[in-house]
Amino acid sequence: MAYTKVNNTAAASIAKINDTAVANIAKCNDIEAPATTATRWVIAAENGFIAYADDADRTSWTAYDSTDGTDPGPDNDADGIAFGKNNSGVGIYVATRNAAARELTVSGTDVTSTSNWTNVDLEGSENERLMDVVWGARSDGTAAGTWMAVGDANGPGSDSHVYRSTDGGANWTSVELSGLSGHAQDDFINGIASDGTGKWMFALDNRIYYSTNDGASFAVSTPTNLSAVGRPQGIVFTNNSWVLAYSRSSKIRFRSCASSDITDWGDEFTNSDTETMTHHTNGQNVKMAAAAGRVCAISENDDDLVYFDVNGKTISNNGKVDLSMGSDKAKDIATDGATWLICATDGDVWQSTNAGEAWSQIVDGFQADGSNDLDLESITCDVVLPL
């Protein structure tokens, strides 16, 4: 049996034990460490279809319609899918939908055996374009943890683009941001991340929105060395570091900071590798996956991948991979720390087993709906983040 807590801290919230990363710990007090590699990968495709594959055979995928037979409408593409916990602490998945209703959909505990996901209608009648959904362990170790979803509310009177669930995705409430000085109500929030101990972060312009209470509320930090940031495109946490992707002057760029000081961000990282990544507008973003300090980033608009290592505000060991997808485009990336997968348009899946430095196509034209090659929009695996 694997340990579930150490010194009354939930296993999912532990990054290090005695200054050793949990990924490098086989046992703690003679009790096995929880598994940190995936047993299953799950993709949210177009038109409400869900696909899954066992980690033992990532080339073989099964798909089904998750919409209960109802018409999902033309704008049902998923911008995000994530693995987390239900109210009892059992693993589930939550996916976003680009729709005026049923903006979120929540799986049962066995994603392989049921096509009946539970739809969630968020408050208000605006068309909610949710760009990201993430689960994070609660600071007090509560089994349900915290789910957060972010995006854009395209309609009058919309004052929040952040939604939160503390009961395993069953119920969601908006997090009030309008009282924060200078908050831009009409901007997209393209990504959100958790450090696994109850702290959350997202960015708008050169402002960092930071929560220390499990996402219940946010404060704003405006570090002076973030003044050059343009449109934030994504964010991840790894190796006790926050990593921000953003676009400025039509190029993708990156910065990072140590979790110990979110006011002190490192120099902008950009070079000939990152500058080939396509600039994004509203409704698109940069997708990143990270583990043990390695970050891999893709643009939704092309087939270039950039990788680098991060340690606090230092970014190093960078490189680029041209995936040569032809007319296809990368859509999302995920990792369990050992394997890295990209899902792409026209039913394609790509794989790396060396921290993103080399890639091969392992699935070509998967027919998620049984007849047409649907775009595979977002991917995740059954491993709790961050890594």
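Partly exposed, for these legends, means a relative accessible area between the buried cut-off of under 20% and the exposed cut-off of over 50%. Everything below comes from a predicted model.

**View 1. R294 and E357 meet in a salt bridge.** The N to O distance between the two side chains is 3.1 Å. This pair links distant parts of the chain: R294 belongs to strand β27 (residues 294-299), while E357 sits in the loop between β32 (348-352) and β33 (360-363), 63 residues apart. Buried or partly exposed: which one is E357? With 40% relative accessibility, E357 counts as partly exposed. R294 comes out at 9%, so that end of the bridge counts as buried.

**View 2. E268 and R253 form a salt bridge.** Here the side chains come together at 3.2 Å, N to O. R253 is in strand β25 (251-258) and E268 is in the loop between β25 and β26 (286-291), so the bridge ties together parts that are 15 residues apart in sequence. The two ends differ in label: R253 is buried, with a relative accessible area of 8%, whereas E268, at 22%, is partly exposed.

**View 3. R248 joins the picture.** Salt bridges with shared partners put R248, R253 and E268 into one network. For the whole structure, the search turns up 10 salt bridges.

**View 4. R40 and D54 pair up between two strands.** Their side chains meet in a salt bridge at 3.6 Å, N to O. R40 lies in strand β7 (residues 40-45) and D54 in strand β8 (residues 49-54), 14 residues apart, and the pair is another one that links distant parts of the chain. How accessible is R40? R40 has a relative accessible area of 23%, so it counts as partly exposed. D54 is partly exposed too, at 40% relative accessibility.

**View 5. Four strands make an open sheet.** Reading across the sheet, the order is β19-β20-β21-β22, with antiparallel pairing. Which strands stand at the edges? Those are β19 (193-194) and β22 (219-221); each has a single partner strand, so one side of each is left without a neighbour in the sheet.

**View 6. Zooming in on β21 and β22.** Strand β21 (residues 207-211) runs antiparallel to β22, and 3 bridges join the two. One residue to pick out is Y209, whose bridge partner in β22 is V220. As background, strands of a sheet pair through backbone hydrogen bonds, in either a parallel or an antiparallel way.

Technical notes
Residues are numbered from 1 along each chain as its sequence is written. This is a predicted model: local features need pLDDT of at least 70, side-chain atom pairs count only at pLDDT 80 or more; totals for chains, interfaces and linings use all residues. Side-chain values use heavy atoms; hydrogens and water are left out. A salt bridge is a side-chain nitrogen of Lys or Arg within 4 Å of a carboxyl oxygen of Asp or Glu. Buried means under 20% relative accessible area, exposed over 50%, partly exposed in between (1.4 Å probe, protein chains only). Two strands pair if DSSP finds at least two bridges between them.
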